Amino acid sequence: MSVIEHDGLLYQGADWDFGTIQRIHDAVEAIGVGELGLDVYPNQIEVITAEQMLDAYASIGMPLFYKHWSFGKRFAMHESSYRQGLMGLAYEIVINSNPCISYIMEENSATMQTLVIAHAAFGHNHFFKNNYLFKEWTDADGILDYLEFAKGYITRCEERYGHAAVERVLDAAHALMSHGVHRYPRKKRPDLRSEERREEERHRHQEETFNDLWRTVPTKGAAAKPQLSEERRRALLELPQENILYFLEKSAPRLQPWQREILRIVRQIAQYFYPQRQTKVMNEGCATYCHYRIMTRLHETGQISDGAFLEFLQSHTNVTRQPQFDDPHYGGINPYALGFGMMQDIERICTEPTAEDRDWFPDIAGRGDAMAVLRDVWANYRDESFISQFLSPHLIRQWRMFHLVDDPEQPELLIEAIHDERGYRRLRRSLSRHYDVGWSDPDIQVIDVDLAGDRRLILHHHVLNRTLLHKDDAQRVLQMVANLWGYAVVLKEVEPATGAIFQEHVAHPHETLF
Amino acid sequence: MYIIDRRLNPGGKSLANRQRFLRRAKAQIQRAVRQTAGDRDITDLERGGEVSIPADGVREPSFRRSGEGGVHDHILPGNKRFVEGDTVDRPPGGGGSAAGGDNGEGEDDFRFVLTRDEFLDLFLDDLELPDLAKRRVATVETQGLRRAGYTVTGSPVNLALLRSMRNALSRRIAMRRPKPEELLRLQEEIALLEKEEETSERLLELRQKLEHLEARTKRFPYIDPIDLRYRRFEPVSRPVAQAVMFCLMDVSGSMTEHMKDLAKRFYMLLYIFLTRRYKHVEIVFIRHTHEAKEVDEETFFNSPETGGTVVSSALREMQRIVEERYSPDAWNIYAAQASDGDNSPNDGTTSAALLRDVILPVCQYYAYLEVGSDSDRMQTGFINHKTSLWQTYETLQEQGANLAMRKVNHRREIYPVFRELFRRRDAEAGARVP
């Protein structure tokens, strides 16, 4: 029926080589940068095997990482389910660094490589470079160097202080990782390169100024310290403090310098990943939308064959499938599906708005240039604000969303809102709150400590919706906090409105541990 | 854009993490391995395989909300019939949420695959071969050769080419032997001048120089006997890394299939254990009734035989084989005997003497495993029933013979008995030191 044009195609069949990858990249770049106006870091594409992909999985996708048993556990888990065929591997992993590194698997077909390059090397890459959270919190230029430093530092600590001692600090730090981020910008921006330099300087200074004589100088005895007001004391310690790792690193009285540095390393890494947790829907939505546009364009311009396009569509629809709530495969809302759906919806609002859209989105309805709007959205929002701004009634109806409330004091579950005029705003508000990490992570803060007295550290968990902490886990983590702190620690679960205390956990340090 | 091919990078980046993980969960994994080993056919032990340990031991706790209690809400897609204000029965199962939205990690067991080596290492971790030290010092040695630098004399096969050529090169440089290019250049220049057919001073000078250089080339050869180096070897004595394992079994009519199965399991364990410690392990199967014979494995375990029971015949057969093929100087000898304990009454003294004077002195280890039927395990302990062979060996042991003996009635006792026999001597002492 149709004559296949060999000259226009980027590749034929499933096979590829490095020349093909280069051609694909250039063609994708022409569309992504030229037509969609994406702004990306230079790309570095690395071809890896399935084994190496499993390796990368184990270390949270980073190409190099310090050593810890939990990564070994993750590897064993992934490996065993992969070998049994329970789990497929991702087609790609992309790292927020400059140059932007994308791993692609060797067994992907040429079409899959095209998809992966469009998705990761352009979609994610653009998002990493432009989104305000990534700009504020991550340092794409320095991250690989910093990880190199972290790996080396922890190895040296292991050599000097033993595996067990380092492992204990890392265990505790990992347990507190979700409470080791600054949620609001502080005065100084983190710059990972200078972090590394600073630690070296500190060490050198210590060695240069070391003088054993100081040890022999008699001290005056405890001078009577002026009594600080409680308020002043707490201000000096920067209390209340929700970054528990930061607080321990700065104020724990009994930690060695190397232990503080390890807490710092884990904290920096947690902070680096913090934006990713807040932009899952947007990040995937952006990448999926980009690859969809680019692949479609490649097909329109005759650069990929009909067969390849069908292959692409099949994996695209797999990725963006959203099972309904009563489907046995339902596992929560698929961020790819929601993100892609919303991006397409925004495009629709820009180009073919209905009267309803004009009411709801007067700023963008009928603007015409959908890419400009999307680029602006990608740069300036995170999941929570993105959904609360741009989830349209049209999409709510299309998904037939409803809001279900489970109050244990009621005998039955309640349908709070559905996709109708009364429900749109309430649905949108509740959904956006689900993506607010400030809302989904338990709010735990260091409230007070009497450094002059018994040094007991007091933490508060501000209970939300009467949901307490997982008791067993809380006790374990608290034990680790106590070990780092060196004195007793108490965690109170408090109802913020009334100040009523639901529960109290107490932990005392194991003297022998540190 | 760069494309980098990482496929050839060395794999096993996670190896260090894996070792840390195994070390962390060692106690639990070891328990799991033992359990697996109990369920499994002993012939499968070599394979390694999947084990599962309680997730609790390798849990990574964090501050997280519990799934129970409190108000939870869900936004779900796919509404079909609900309107606002409807109430819905709680789904059964007590999960409390229609969506299964509680994302707490499962408390299930944690399953993963151990490699064969990891499996066996854990399986045989605190076992040790008895009396290895004594033998190693005394006789377990053999002669071998080891590289030991270079020498100026030797046979041509041992010529160290690289070293010789290096010496030649440095000698040529030191002696300023003219380089071939240098000669070539001179010759060309001379040829050029000769073509002009003028006997200039320059030509003469060049000819003289060439002559001088050629003489020098001849005087300092390209390679000289003085350059030659040979690889030197020196004899060393090495500990013997080979063992032979004698399996002795009574196959008279009184031995049931069940008893043979027990014996087989014990032999398998011993074999695996020995292969972990020695490079090369050979097995000799000797079965006996009133007369003994060396047989292959198949016959040993399967083919039926009838006759009386004379243990000394097997010991004599073993003695013969040791003398013929396995000199104690070169081999580590292990023997395991399985029997239901019957022996003909007049053979006791002969067996005891043979064992004490001939067999035990050449053996590293001699284990006697008395296999009983499944049903008489209740009796042991209550009734002081000792078989004739047991009595014989017990007397030997009391006299200080180096002999280990255990009684086994059931399959699941095999492994504990095996562990007990090969337990590391200092295990208890080591446990106390942190």
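**Exercise 1. Strand pairing between the chains**

Determine in which sense strand β5 of chain A and strand β4 of chain B pair, and over how many bridges.

*Solution.* The model is a predicted one. Step 1: locate the two strands, which are residues 413–417 of chain A for β5 and residues 87–88 of chain B for β4. Step 2: read the pairing, which is antiparallel and runs over two bridges. Step 3: place a residue of chain A in this pairing; A:Leu413 lies opposite B:Val88 of β4(B).

**Exercise 2. The contact between chains A and B**

State how many residues of each chain are in contact, and which helix of chain A gives the most to its side.

*Solution.* Step 1: apply the cut-off of 7 Å between C-beta atoms placed from the backbone. Step 2: count the residues, which gives 76 in chain A and 55 in chain B. Step 3: assign the residues of chain A to elements; helix α3 (residues 69–83) contributes the most, with eleven residues. Step 4: sort the side of chain A by class, obtaining 34 nonpolar, 24 polar and 18 charged residues.

**Exercise 3. Domains 1 and 2 of chain A**

Identify which element gives the most to the side of domain 1 of chain A that touches domain 2 of chain A.

*Solution.* Step 1: take the bounds from the domain assignment, namely 18–131 + 279–310 for domain 1 and 320–438 for domain 2 of chain A. Step 2: note that the centres of these domains, over C-alpha atoms, are separated by 26 Å. Step 3: count the contact, with 14 residues from domain 1 and 18 residues from domain 2 of chain A. Step 4: list the elements that give two or more residues to the domain 1 side, α4 (110–130) and α12 (280–300) of chain A. Step 5: select α12(A), which gives the most, with eight residues. Step 6: classify the domain 1 side as six nonpolar, six polar and two charged residues.

Methods. Residues are numbered from 1 along each chain as its sequence is written. Chains are lettered from A and ligands numbered from 1 in the order in which they are written. This is a predicted model: local features need pLDDT of at least 70, side-chain atom pairs count only at pLDDT 80 or more; totals for chains, interfaces and linings use all residues. Two residues are in contact if their C-beta atoms, placed from the backbone, lie within 7 Å. Helices (H or I, at least four residues) and strands (E, at least two) are DSSP runs, numbered from the N terminus. Ala, Val, Leu, Ile, Met, Phe, Trp, Tyr, Cys and Pro count as nonpolar, Asp, Glu, Lys and Arg as charged, and the others, Gly among them, as polar. Two strands pair if DSSP finds at least two bridges between them. Domain bounds come from an automatic or database domain assignment.
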